[in-house]
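Here are my notes on the helices. Please read them alongside the model.

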Amino acid sequence: MRYALPLLVGGVLLGFWEAYVAISGIAKFVLPAPSAIGLALWDDAAALADASWVTLRITAFAFFWAMVSGIGMAILFTRSRAVEMALYPYVVTLQVTPVVAIAPLILIWVGFENVETAMVIIAWIVAFFPVLTNSVQGLRSVDAQLHDLLTLSRANGWQRLIYLELPAALPSILTGAKISGGLALIGAVVAEFVAGSGASTGLAWRILEAGNRLEVASMFAALFLLSVLGVALFYALSLLEWLALRRWHESFQR
């Protein structure tokens, strides 16, 4: 029932969509029928698969570096209040600055011969902040009595971090990872849009290319694959969260 109901609702909506397009006679370059989108998926399967791989690769690299840098900086912030006060305003400034505004600068600085590196940096900027904030919160939410216990055991700073703080912060870190995964995909799409013609072959560029040709069914096909990638990332990270935390709390045992 948990999975059947959403599939049923989706099937009904697609049926209404197909019927509306057929009855209204709306132009296919305005709103194609689901059957036309499915045909576009079939006809352009090879090109869309290659584009999906490009977008997924950029997303994966950005997500990886967001996790590494976010957790690393969170550890640094929780170890030194002075470092946090010095750097946190700049981290917030980077986060609240629209990435579309700074993406062209990044492309220029990195160079169009290294456009994929520039796109990874752009996507990393979008994905970095949730990992940092959730990791900091998790590291600082450790029970004080557990810290007292390690003090009695004469544990050093690294032992506290490895055996207490990181395991205790794992739920918060994984929550940040789930948010960051979707944002990394969004950042990759923004980066591909900014990169422009000849520089990117991902799904976002396929959407632009199809739009310029008024091939709206192909646009919907690429958009559908972007949605599939996003959902797959979310559920993959949700599975990782469940595997890591299922013995911690009853809410993860279902």
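1. Ala101, Ile108 and Trp109 are exposed on one side of helix α5. On the other side, Val99, Ile102, Ala103, Ile106 and Leu107 are buried. Buried means under 20% relative accessible area, exposed over 50% (1.4 Å probe, protein chains only). Seen down the axis of α5, the buried residues fall within an arc of 155°, so they line one face. That arc is taken from the directions from the helix axis to the C-beta atoms.

2. This is a predicted model: local features need pLDDT of at least 70, side-chain atom pairs count only at pLDDT 80 or more, and totals for chains, interfaces and linings use all residues. Residues are numbered from 1 along each chain as its sequence is written, and side-chain values use heavy atoms, leaving out hydrogens and water.

3. Helix α5 covers residues 99-110. Its 12 residues should span 16 Å at 1.5 Å a residue, and its end C-alpha atoms are 15 Å apart, which agrees. The expected span is 1.5 Å times one less than the number of residues. Gly111 follows α5, with a positive phi near 105°.

4. Helices α9 (residues 203-212) and α10 (residues 216-245) have axes that come within 8 Å and cross at roughly 165°. They are therefore roughly antiparallel (angles over 145 degrees). Contacts (heavy atoms within 4.5 Å) involve Leu203, Arg206, Ile207, Ala210 and Gly211 in α9. Their partners in α10 include Met219, Leu226 and Leu229.

5. The axes of α2 (residues 34-43) and α10 also come within 8 Å, crossing at roughly 75°. This pair is therefore roughly perpendicular (65 to 115 degrees). Ala36, Ile37, Ala40 and Leu41 in α2 meet α10 residues including Phe220 and Phe224.

Note on methods
Helix = DSSP H or I, 4+ residues; strand = E, 2+ residues; numbered from the N terminus. Axes fitted to C-alpha atoms, helices over the stretch in contact; angles between N-to-C directions. Parallel < 35°, antiparallel > 145°, perpendicular 65-115°, else oblique.
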